[in-house]
Amino acid sequence: MKVALITGVTGQDGAYLAEFLLKKGYFVHGLKRRSSLFNTDRIDHLYQDQHEQNVHFKLHYGDLTDSTNLIRIIQEIQPDEIYNLAAMSHVHVSFEMPEYTANADGIGTLRLLEAIRILGLNNKTKIYQASTSELYGLVQAVPQSETTPFYPRSPYAVAKMYAYWITVNYREAYGMFACNGILFNHESPLRGETFVTRKITRAAAKIALGLQTCLYLGNLSAQRDWGHAKDYIEAMWLILQQEKPEDFVIATGVTTAVRDFVRMSFAELGIEIEFSGKDENEKGVIVGLDVELLKSLGLDQHKLFLGTTVVRVDPKYFRPTEVDLLLGDPTKSKTQLGWQPKYNLPALVQDMVISDLQLMKKDEYLNKGGFTTLNYFE
Ligand code: NDP
Ligand code: GDR
């Protein structure tokens, strides 16, 4: 039985990857930070009572900022594959927490690589590093491929740049099977609520139900190459199944503006939005309602009015330095890994919007019953 260690197992990708590897017959270990609450919502369905026989999924307390604990866990479990997904992954927040981000995202990767080296596991343990399209930053060329130069534009991206190169260096210096997946944005119903796609799909569902009046966003013109996390975690696994360790771009090859993601999300709920105005004064207004669609989704058309402004810009969401355009070239991963995504953007948007609509309906129901459920901090 193959043994895998996933750092960041409680995150979006960690949850999907853990499920994927368990289905493939792996013994999966996950690294989980200690927190005052369980924080295992995304992986609760995978929980196995540790007192039972045939347990294949185990969590360990740990942190990428603590090398002693990484060495001890890796020594104990002797993994065949490590997926390093743990990171302070929010670009905007990294401007507020640059030192911590460098420590966890940059030096954290070094700690893992050193743990493998110190324990003499160079020839046994393969490691996947969660690199990112944020490395491309200030646009040098499009589409962006494995050979496009990097120009990081945030403390997050700079930390990930260190992690990228230290992974390459340990591969070259010590012959480790260490690979970077340069993944473009990938989303899902499990996406963290403060990333733009999930923020939009949650708000669209709440506005459709009459639970929220307006969605405040930052840069509506930013363009991203958005795929589905379920497709992307499969690519991570494929990268570690290759004969030789190499780095791969994982992307859809299609780019879309935030503004259009907003339009598509509302349209999924039968609400047509039109944008007007510029920069900080841009706004999105309801210009059409698909009564049949609203009805089929169990939504009350009488809570929605043509001409209502439902999207506005709040400059507090602007970043000190922005990444304007990301568009990936997945040719290498498609030809060499045989990777083929199953979701396109409309299918991704539908998956997220319908999931959030169900979640918000449940929340509305519980709230009516006097229970406080979801939290609404941004
Ligand atoms: P999430 O933010 O959803 O998950 C991050 C995970 O890392 C969480 O489990 C979090 O724990 C954990 N974590 C954070 N800091 C530490 C630490 N110091 N020690 C141990 N664990 C820690 O990210 P995603 O799942 O979206 O992304 C996975 C990885 O891929 C990240 O490294 C991200 O930077 C990278 N990436 C993501 C892309 C995307 O579009 N999603 C694209 C390209 C790269 P907790 O639950 O306790 O917060
Ligand atoms: P990103 O994702 O920075 O690309 O990093 P995010 O969803 O945060 O932003 C995408 C774009 O949308 C613009 N934007 C807003 N973003 C947020 N979060 N909130 C807003 O209100 C808002 N309004 C507009 C942003 O300015 C940006 O241009 C994600 C993370 O998962 C990283 O960990 C990963 O490495 C990269 O994707 C690839």
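**View 1. The stretch annotated as NAD(P)-binding.** In this predicted model, residues 5–352 are 36% helix and 18% strand. The C-alpha atoms at the two ends of that stretch are 28 Å apart. If you are wondering where these bounds come from, an unreviewed UniProt entry annotates residues 5–352 as "domain: NAD(P)-binding".

**View 2. The two domains and their contact.** Here the protein chain is split into domain 1, residues 3–183, and domain 2, which is assembled from 196–223, 257–325 and 344–369. Their C-alpha centres lie 32 Å apart. Where the domains meet, nine residues of domain 1 are in contact with seven residues of domain 2. On the domain 1 side, the touching residues comprise four nonpolar, three polar and two charged.

**View 3. The shell around ligand 1.** Take a look at the 26 residues around ligand 1: G8, G11, A86, A87 and A130 come nearest. By character, the shell holds nine nonpolar, 14 polar and three charged residues. Helix 1 (12–23) and strand 5 (126–132) each supply at least two of the shell residues, and helix 1 gives the most, with three.

**View 4. Strand 1 and its partner.** Strand 1 runs over residues 3–7, and four of its five residues are buried, so the strand is largely enclosed by the rest of the structure. Alongside strand 1 lies strand 2 (residues 27–32), paired with it in the parallel sense over five bridges. To find your way between the two, start at V3, whose bridge partner in strand 2 is F27.

**View 5. A cis peptide bond at P143.** Most peptide bonds are trans. The bond joining V142 and P143, however, is cis, with omega of about -5°. You will find P143 in the loop between strand 5 and helix 5 (155–174).

**View 6. Two residues with positive phi.** Most residues other than glycine have a negative phi. N54, which is not a glycine, has a positive phi of about 55°. N54 sits in the loop between strand 2 and strand 3 (57–61). Because 5 other C-beta atoms lie within 10 Å of its own, N54 counts as exposed. D279 is not a glycine either, and its phi is positive at about 45°. The loop that holds D279 connects strand 13 (271–276) with strand 14 (283–289). With 11 other C-beta atoms within 10 Å, D279 is exposed too, given that the cut-off for exposed is 12 or fewer.

Methods. Residues numbered from 1 in each chain as written. Chains lettered and ligands numbered in written order. Predicted model: local features only at pLDDT ≥ 70, side-chain atom pairs only at ≥ 80, totals over all residues. Near = placed C-beta within 6 Å. Nonpolar A, V, L, I, M, F, W, Y, C, P; charged D, E, K, R; others polar. Domains from an automatic or database assignment. Contact = placed C-beta atoms within 7 Å. UniProt positions renumbered as here; feature names shortened; annotations may be inferred. Buried ≥ 20, exposed ≤ 12 C-beta atoms within 10 Å, placed from the backbone. Pairing = 2+ DSSP bridges.
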